[in-house]
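Thanks for making the time this morning. Please have the sequence and the model open side by side, and I will walk through a few places in turn.

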Amino acid sequence: MRPIQMVDTKTQYQKIKDQVDTGIHKVLDSAAYINGTPVREFAKNLSLYLNVNHTITCANGTDALQIAMMALGLEAGDEVITPSFTYVATTEVVALLKLKPVFVEVDKATFNIDPVAIEAAITPRTKAIVPVHLYGQAANMEEIMAIASRHNLFVIEDNAQAIGCNYTLSNGTVKKTGTMGTIGTTSFYPSKNLGAYGDGGAIFTNDDVLAEKLQMIANHGQKVRYYHEMVGCNSRLDSMQAAVLNVKLKYLDEYITARQKAAAFYDNAFASVENITVPKTAHFTNHVYHQYTILVEGVDRDELSKYLSSVQIPSMIYYPVPAHRQKMFAAFGGSDYNLPVTDWLTERVISLPMHTELDEEQLQYVADHVLKFINK
């Protein structure tokens, strides 16, 4: 059996090596390392895939969130509602821009932000909502957009973990995550479902005026070189990473199918196990399984992780400390929050190996050892 990886980008690369290497060598031959043709081609191709009017590439997913918030004209002290159960980048940029993060509860079954909690947290200072499509399935965007409309709020979708995920509206229309809010953002960190071989990110919008502003902010606040109209930053997707992503985008749906197949194997293996709750997919979304995250009860989650490691099975805990309990947010009253579902989840979630290259032998080995620990 091949060694089991949490994410196996090496084996995935071997299958597309010729195409990737050709793309990289074209960049090297052109010497257009910044803003080269592959960057424009990738932005166009990703817009077509997502069916969104504008894709603005940038250096990473955190920059994408920051640029999105900068473009909306939010002012110091404005409140931005986010889940606490998320990677810190979602909330970090709120504080960085001197806005106030307001942490709300997530749904116990799907791990995504709870629309009821959003509405309860709105105050006259609230200006934006940042739903996170956690682990690979969509938050309840139809409800969130309705709340935003009622209260005249911006919505910034953090789509770093769910690119390619489909959302079905109540009228039957299907949209991709990242394309329904005011702005969508994503990351191309190597472990993502659409991952580069370095850092990268992108921002999405259907608003022409907003798209121009986002592009300017990502490029030092300029449309014309050396004429700076607003304060911006320097955030670029380099040409080599775009060349890689152009190849991998062609396989994204295939990669999603492979992840779903692996998840189905796990689901079946754990279906009748009382101590394990497998991921639940909401009725309005599919799941692209950036992570396969289970809930374990009646056993020590951390001891399970140690046991798996002892038999050469990697696992991860996303996330052991929620945002409202991080020291960095103490000044925003983090310790004052009462988020029992979030706290409950952080003590019970564990993510198993999930990637496109898992074979049945590996999946069976993982499942057998999880069950061995649970049933001991």
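Let me begin with a question: which residues are buried in α8? They are S239, Q241, A242, A243, V244, L245, N246, V247, K248 and L249, where buried means under 20% relative accessible area, exposed means over 50%, and partly exposed is in between, with a 1.4 Å probe and protein chains only.

Before going further, I should say that this is a predicted model, in which local features need pLDDT of at least 70 and side-chain atom pairs count only at pLDDT 80 or more, while totals for chains, interfaces and linings use all residues. Residues are numbered from 1 along each chain as its sequence is written, and side-chain values use heavy atoms, with hydrogens and water left out.

Back to α8, which spans residues 239-249 and is mostly covered, with ten of its eleven residues buried. The helices and strands I name are DSSP runs, numbered from the N terminus (H or I, at least four residues, for helices; E, at least two, for strands). What covers the buried residues of α8 includes α1 (9-30), α2 (37-50) and α9 (252-270), and contact here means heavy atoms within 4.5 Å. At the N-terminal end of α8, D238 acts as a cap, with a side-chain oxygen 2.9 Å from the backbone nitrogen of M240. That is a polar contact, meaning a pair of N or O atoms within 3.5 Å, where, within protein, one must be able to donate a hydrogen and the other to accept it, and residues adjacent in sequence count only if both atoms are side-chain atoms.

Now to the interior. In soluble globular proteins, nonpolar side chains tend to be buried together. Here the largest nonpolar core has 48 residues, and those with the most contacts inside it are F42, L46, I81, I118, I144, F188 and L194; such a core is a set of buried Ala, Val, Leu, Ile, Met, Phe, Trp, Tyr and Cys residues joined through side-chain atoms within 4.5 Å. At least two residues of this core come from each of α2, β3 (100-104), α5 (115-121), α6 (141-151), β9 (201-205), α8 and α9, and α2 gives the most, with five residues. Apart from this core lies another, of 28 residues, among them A263, F270, I294 and V311. If you would like one residue to centre the view on, I144 touches I113, P115, I118, I129, P131, A139 and V155, not counting residues up to four places away in sequence.

Next, the buried polar and charged side chains. R301 lies in helix α10 (residues 301-310) and is buried, with a relative accessible area of 8%. A polar atom of the R301 side chain lies 3.0 Å from the backbone oxygen of T346, and a polar atom of that side chain lies 2.7 Å from the backbone oxygen of V349. The residues that R301 touches are V296, I317, T346, E347, R348, V349 and I350, leaving aside those up to four places away in sequence.

Q362, in helix α12 (residues 360-374), is likewise buried, because its relative accessible area is 1%. Its side chain and that of R2 are joined by a polar contact of 3.2 Å, and Q362 touches M1, R2, P3, I4 and E357, again not counting residues up to four places away in sequence. E361, also in helix α12, is partly exposed, with a relative accessible area of 47%. The C-alpha atoms of E361 and R2 are separated by 8.9 Å, although these residues are 359 apart along the chain.

Finally, some backbone details. A cis peptide bond joins Y318 and Y319, with omega about 15 degrees, and Y319 is in the loop between α10 and α11 (340-346). Two residues other than glycine have positive phi values to look at: for N51, phi is near 60 degrees, and for F111, phi is near 75 degrees. Is each of them buried or exposed? N51, in the loop between α2 and β1 (54-58), is exposed, with a relative accessible area of 66%, whereas F111, in the loop between β3 and α5, is buried, with a relative accessible area of 6%.
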